[in-house]
Amino acid sequence: MKFLGFIVVCLTGALLLYGTGQFPAWGDPGSPASTHLSNYYIEKTVEQTQVPNIVTAVLADYRGFDTMFETSVIFCAGLTCFLLLRDFTEKKERFYRHRPTGVILHVKDSEKVLKVGKEFEHIDKDFVPSDLIIKTVCRILIPFIQIYALYVVAHGDFSPGGGFQGGVIFGSSLILLAISYDLKTLVERIKEKVLGIFAAVGVLIYVGIATICMPMGGNFLNYGMLAPLLPGDPRHVRALGMLGVEIGVGLAVMAVMAIIYINIVSEGRHDEGL
Amino acid sequence: MTDLLPLIVAKYNYWLYVILMMIGLYAMIAKNNLIKKVVGMNIFQTAIILFYLSIGYKKDATLPIVEVGHEGQEAVVRALDYINPLPHVLMLTAIVVSVATFGVAMALAVRIYQRYQTLEEDELRMRLSEE
Amino acid sequence: MDNYPVLIVVTPLLAALFAGLAAWIEERLSYPIALIGLAISTFSAFKVLMRVIASGTIQYRMAGWAPPIGIEYRIDLLNAMVLMLVSSVAFLNLIASYKSVEQETNDRAASFYTVYLLFVVGLLGVTATGDLFNLYVLIEITSLTSYAMVALGDRDRAPLASLNYIFIGVIGASFYLLGVGYLYMQTGSLNMADVSRILQSHQGSSIVLTAFILCMIGLWIKMAFFPLHVWLPNAYSYSPVAFSRVVAPLMTKVMIYIMIRLMITVFGYDYIFKTLHLSSAVVWLATIAILAGAIMALAQKNLKKMLTYIIICEIGYMVGGAWMGNQLGMTGAILHILNDALMTFAMFLAVGNIVYKIKDVDLSNLTGLFGKMPWTMAGLVLAAFSIIGVPPTCGFFSKWYLILAAFEKGAYQFAAALIISSLICAVLFFRVFEICFFNTDSKDHEHGNGHPQIKIEEAPVSMLIISGLVSLSLIVVGLFSGTIVNTIILPFLK
């Protein structure tokens with residue numbers, strides 16, 4: 001298998017290199033790839049859409065149809081992780097730690113979480129004492145990360161950024177919460193149901209905005225037709241449409257990142273993990 | 001050999017991407033551990049991203065974000081000044097796809113580990129043939 | 001301006017999202033939502049098909065941008081036929097699988113419907129699109145959903161089968177993506193028609209040759225063409241019945257469609273058959289694929305596994321036909337996409353009914369089925385006749401075209417392989433019938449009164465009706481083969 005694999009890999013590499021033989025020089029501004037469509041996008045984007053970030057404009061408008069399915073791919077990944085891993089049977093073992101003495105109680109076969117007083121805490125199986133410095137630093141950082149994420153989504157039209165990037169940053173702030181405290185904290189703050197609904201609603205915002213364009217008299221995704229519905233300068237309607245779909249994308253990506261993380265680290269139980 | 005060297009240097013980005021792709025593909029075909037295969041898959045997809053981004057590069061050009069003047073006084077946009085935006089858009093999609101595949105593959109690996117307590121392919125094959 | 005082309009793809013997507021929401025709010029709603037979504041989609045596909053037959057190719061511009069700038073849907077006769085096929089098979093299967101989904105994925109039915117719909121969205125989108133990169137994204141949607149579906153099947157073996165499917169699927173899709181990258185390097189465009197126009201002046205380029213090889217290998221991996229088929233049998237036979245009934249007839253056929261689309265629309269006949277001369281090599285490969293698929297099917301002891309190897313054999317027919325390089329071959333391949341999808345669907349519907357009653361479909365467990373499930377077995381027999389190629393059923397006609405094409409080209413080995421594989425299929429199915437017909441339970445024979453009491457235990461009515469309908473459609477499509485060829489396939493090939 002190893003030898004066969006090596007031969008296959010070498011053949012593939014040779015084929016790919018053979019293909020690059022006639023490529024134009026690297027970075028040649030006159031190559032077909034950099035002239036045919038690219039020039040149109042660079043020269044016309046601002047005029048047609050009022051969005052200075054060409055990548056965002058191509059992503060959410062010219063090739064917005066791709067991006068819609070790309071968001072569906074993300075939704076699908078989250079759904080798959082949920083479908084494959086989620087295990088609704090609760091573990092019956094629980095651990096409680098007596099704070100003043102550090103004694104750990106191991107309760108076997110308890111149907112639900114016991115009500116315990118202030119001096120006990122419900123802990124994971126492998127107890128790691130929480131680190132004051134890490135907790136404090138993360139507690140300070142997380143709101144800033146989230147604000148930055150919102151900025152990246154909202155400012156995607158003008159600077160590098162957009163729905164995916166912002167969503168990933170927001171999702172990572174949630175993951176940071178789970179790592180610095182524990183998984184229970186995250187799951188208690190944001191319920192699984194909320195995440196599931198966010199993921200579907202995010203994609204729905206995208207598809208919804210695209211679909212509304214049809215009864216308004218345009219083709220699918222033609223934001224230009226939304227002008228009567230939106231306030232402000234009608235020239236900016238495409239930019240607003242893009243902002244709308246980016247928000248949807250951000251929402252979906254944020255939720256799916258958290259769903260994938262929670263399900264994989266806790267093997268679908270949503271009780272404890274990394 | 002003397003002919004090959006300038007060829008490699010002139011297009012070293014493509015050579016690098018091919019090497020990266022070969023590493024990933026080899027890991028996917030020949031490695032025994034499933035997680036190593038998943039990582040190989042990721043390397044493979046990253047190599048493709050590298051390839052597309054080097055298509056989009058233009059000499060002496062900058063990021064494809066147009067500087068708009070105030071009050072809509074737009075300067076003339078010259079295509080030569082900005083790199084090709086299309087490969088970047090395509091790769092944003094490809095990155096998302098590769099993340100999604102990675103997540104699903106990881107979830108499956110967890111499922112397999114739950115069931116068989118191992119991720120080595122030969123051991124898995126042995127366990128399967130025993131049953 | 002009417003939006004039917006995009007509605008075909010978007011309504012299932014919307015339905016999938018609403019079904020996903022319903023999974024969290026009110027689970028029972030998800031099934032009707034899915035049904036409505038696919039019904040609208042099928043209706044739109046029918047409208048589009050009629051429109052295309054009446055007035056030619058439809059172009060639909062996404063977001064209103066003209067083709068090379070934006071993404072377009074370009075629906076001609078071939079697309080329209082495959083769209084109609086995919087949406088109606090998916091719709092009928094959804095009706096038939098309510099009970100078996102309940103049985104197999106008890107508490108996750110709502111999520112199951114969501115993934116099912118997304119899978120159908122992927123297949124429909126792949127078929128409708130006129131953009132090379134959009135095609136890749138949608139292939140990935142179909143693949144991701146099928147990984148998920150396969151993994152939901154058999155508790156023990158399915159996850160591993162699915163993970164192997166992921167590795168091979170990713171290699172296939174990535175090869176295709178690399179091919180698109182090389183094409184983009186040469187042409188600077190992603191729209192199929194535009195790429196094809198620019199390629200006219202780059203016939204000898206090594207970039208185009210590499211792109212062509214990469215795309216073809218990627219698609220062959222995805223469609224499980226013989227030496228690259230290893231993932232298919234496990235993935236399809238361990239997946240849940242409701243899913244294997246839709247993936248087995250549709251997935252490989254849609255991949256064949258993409259191959260034909262790339263060959264005809266993007267690279268062009270002249271490039272493939274006049275510049276490259278690859279035709280006879282690929283026809284030989286297809287010949288080997290047919291024989292290998294048939295022989296491996298002979299070695300199987302499980303009904304589902306046996307059928308998956310027959311699928312591999314059928315892929316050989318279609319690839320061989322498409323690469324024959326003459327009009328008859330292409331006609332046969334396209335007709336066989338339709339026929340094979342229908343007969344595989346009929347076959348898997350019948351098998352699904354059996355699985356619903358008998359969990360394990362090892363051949364040895366099938367004894368006495370003719371008595372227990374007469375209607376299901378009638379469907380199975382019709383589907384089997386069609387796969388073998390018995391005249392009034394549709395399987396015969398496409399094989400006839402393929403054999404004629406092989407004689408016209410002088411590829412006698414292909415014709416021989418086709419006939420041999422049909423004979424092997426006949427042997428296979430008559431073996432199955434024999435097992436099913438004779439009740440070999442020794443207890444019954446000991447009674448000695450000749451007629452042991454057999455209790456009829458049929459599958460639910462909804463499954464039976466669909467199964468019967470599809471089986472009858474095999475004969476109907478068979479009788480109307482000439483009409484289909486004359487109104488859809490020949491005008492397309494002109």
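**Exercise 1. How many of the residues of H5(C) are buried?**

Solution. This is a predicted model: local features need pLDDT of at least 70, side-chain atom pairs count only at pLDDT 80 or more, and totals for chains, interfaces and linings use all residues. Residues are numbered from 1 along each chain as its sequence is written, with chains lettered from A and ligands numbered from 1 in the order in which they are written.

- Take the cut-offs: a residue is buried if 20 or more other C-beta atoms lie within 10 Å of its own, exposed if 12 or fewer, and partly exposed in between, with C-beta atoms placed from the backbone.
- Apply them: 20 of the 20 residues of H5(C) are buried, and the helix is mostly covered.
- Check the length: H5(C) covers residues 109–128 and reaches 28 Å from first C-alpha to last, close to the 28 Å expected at 1.5 Å a residue. The expected span is 1.5 Å times one less than the number of residues.

**Exercise 2. Compare the radius of gyration of chain C with that of a compact globule.**

Solution.

- State the rule: 2.2 Å times the number of residues to the power 0.38, with the radius taken over C-alpha atoms.
- Compare: for 494 residues the rule gives a value near 23 Å, and chain C has 22 Å, which agrees.
- Add the extents: the C-alpha trace of chain C spans about 80 × 60 × 45 Å along its principal axes.
- Add burial: 65% of the 494 residues of chain C count as buried.
- Count elements: chain C has 22 helices and 2 strands. These are DSSP runs, helices (H or I) of at least four residues and strands (E) of at least two, numbered from the N terminus.

**Exercise 3. Place A:Ile145 in its surroundings.**

Solution.

- Locate: A:Ile145 lies in helix H6 of chain A, residues 132–154.
- Classify: A:Ile145 has 16 C-beta neighbours inside 10 Å, so A:Ile145 counts as partly exposed.
- Find partners: beyond four places in sequence, A:Ile145 touches A:Ile169 and A:Ser173. Contact means C-beta atoms, placed from the backbone, within 7 Å.
- Get a distance: A:Leu174 is 29 residues away in sequence and 9.7 Å away in space, C-alpha to C-alpha.

**Exercise 4. Which helix gives the most to the side of chain A that touches chain C?**

Solution.

- Size the contact: 45 residues come from chain A and 49 residues from chain C.
- List contributors: the elements giving two or more residues on the chain A side include H1 (2–20), H4 (54–62) and H9 (192–212).
- Pick the leader: H5(A) gives the most, with 14 residues.
- Sort by class: this side has 26 nonpolar, 14 polar and 5 charged residues. Ala, Val, Leu, Ile, Met, Phe, Trp, Tyr, Cys and Pro count as nonpolar, Asp, Glu, Lys and Arg as charged, and the others, Gly among them, as polar.

Notes
Two residues are in contact if their C-beta atoms, placed from the backbone, lie within 7 Å.
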